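Reader: Could you take me on a close look at the metal site in this model, and then at the parts around it in your account? I would enjoy one connected answer.

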Amino acid sequence: MIDHKDRFIGSLLGTCIGDILGAPVEGYSGDEISASFGQVDRFIPSSRGYGCYTDDTQMTIALALSIIRCGEVDPEDCARSYAQLYESGRGYGWGASLILKSLKKGADYRQTGRSQFRQGSFANGGAMRIAPVGLVYRDKEDNDLRRAVYNAIMCTHVHPEGIDGAVLQASAVGLMTKIEDKHRFDPEVFLKVLFNVAQTEVFKTRIKALEEILDLSIPDRDAISILGNGVKASQSVPCALLATIRYYKRPEDAIIKAVGFGGDTDTIGAMTGAQIGALHGSGWIPAHWFDNIENNKYGRDDIINIAGRLSDITV
Ligand SMILES: [Mg+2]
């Protein structure tokens, strides 16, 4: 049986690995990835360096540190934490960069989520970083989890779809921590629970589509053209779920497949990695991935330490 702490470690390292693996092919289609690389199963050197993660992991770490500091999700501290860790070379979108820079200068975290778009962003920036909330709030009622997710992302994401995507990703991660025997994970039950958690029409529709994709054994390539694989939360979160429900038995493969879907590959990889790690812990991670994760400040060893401290928190 996988211990509680190792699931936290697996989920945060899974986030990091999916992010690193997907980053160099971000924006490629699935076909372009196959043509150029076959499948992306090793880290590819990029302009950022070798084994370097992007904004997905950096914000996940910032959120985990804030939860450790406060013992819960505190929206003001989360915002401060994201701004503190922000580094422009980590591949942040322009909107997120502007918000994080303004937070650094003292902008009000309750206002910044609408500073770029009046309705807020419907992209996946909330979902990509939400694993720590899913892990810590795994036993909470849906409404409490939803509130914690909202508090964790409100400084950047207030659009109902941006929020719903993050809530579903957090729920998926939390549910995975509770599967005692990984061989008994049931994708159908998992999707039913998530359907009931979803509050927006678009996510309810996408989860129904995932059920059909499984039922009818629709191949990945066609499934992705149904779901989409872009930066919208309503596209990339369902993609990450698809990789998990289809390939959960082989965690390494699940992340490789998630990246192979194309589109917003680092984020789809990161979100599948978070889900899969919460199910399998960290023991499955191959050495050629583990050894090559960047390991300076807030690198691999710090992530393991942070995950361990996070696993001690009870909310
Ligand atoms: Mg990224």
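**A charge over a ring, and on to the metal site**

Author: Happy to. Let me begin with a side chain over a ring: Arg129 sits over the face of Tyr82, 4.3 Å from the ring centre. Please keep in mind that this is a predicted model. A second case of this kind involves Lys208, which lies over the face of Phe195 at 4.6 Å from the ring centre.

Now to the metal site you asked about. The magnesium ion has its protein donors in Thr54 (OG1), Asp55 (OD), Asp56 (OD) and Asp266 (OD), and these lie 2.0 to 2.4 Å from the ion. Read along the chain, the donors follow the spacing T-D-D-x209-D. Are Thr54 and Asp55 buried or exposed? Both Thr54 and Asp55 are buried.

The helices make a good next stop, since two of them carry donor positions in their residue ranges. Helix α14 covers residues 265-280, and Asp266 is one of the donors of the magnesium ion. Its packing partner is helix α1, residues 4-22; the two axes lie 6 Å apart, at an angle of about 160°. That angle makes α1 roughly antiparallel to α14. The crossing of α1 and α14 is right-handed.

Helix α3 spans residues 55-70, and Asp55 and Asp56 are among the donors of the magnesium ion. Here the partner is helix α4, residues 75-85, with the two axes coming within 8 Å and crossing at roughly 135°. With that angle, α3 is oblique to α4. The crossing of α3 and α4 is right-handed. Tyr82, whose face lies under Arg129, brings us back to helix α4, which runs over residues 75-85.

To finish, the aromatic rings. How many aromatic pairs does the structure hold? There are 7 aromatic pairs in the structure. One of them joins Tyr28 and Phe37: the centres are 6.2 Å apart and the planes are at 40° to each other, which is a tilted arrangement. Tyr28 has a relative accessibility of 27%, so Tyr28 counts as partly exposed. Phe37 is partly exposed as well, because its relative accessible area is 33%. Elsewhere, ring pairs link Phe185, Phe190 and Tyr248 into a cluster.

Definitions and conventions: Residues are numbered from 1 along each chain as its sequence is written. This is a predicted model: local features need pLDDT of at least 70, side-chain atom pairs count only at pLDDT 80 or more; totals for chains, interfaces and linings use all residues. Side-chain values use heavy atoms; hydrogens and water are left out. Donors are N, O and S atoms within 2.8 Å of the metal (3.2 Å for Na, K and Ca); water is not among the atoms, so sites may look incomplete. Buried means under 20% relative accessible area, exposed over 50%, partly exposed in between (1.4 Å probe, protein chains only). Rings of Phe, Tyr and Trp (its six-membered ring) pair if their centres lie within 6.5 Å; planes under 30 degrees apart count as stacked, over 60 as edge-to-face and the rest as tilted. A charge sits over a ring if NZ of Lys or CZ of Arg is within 6 Å of the ring centre and within 35 degrees of the ring normal. Axes are lines fitted to C-alpha atoms, for helices over the stretch in contact, and angles run from 0 to 180 degrees between N-to-C directions. Helices (H or I, at least four residues) and strands (E, at least two) are DSSP runs, numbered from the N terminus. Angles under 35 degrees count as roughly parallel, over 145 as roughly antiparallel, 65 to 115 as roughly perpendicular and the rest as oblique. A crossing is left-handed if the near helix is turned anticlockwise from the far one by less than a right angle, and right-handed if clockwise.
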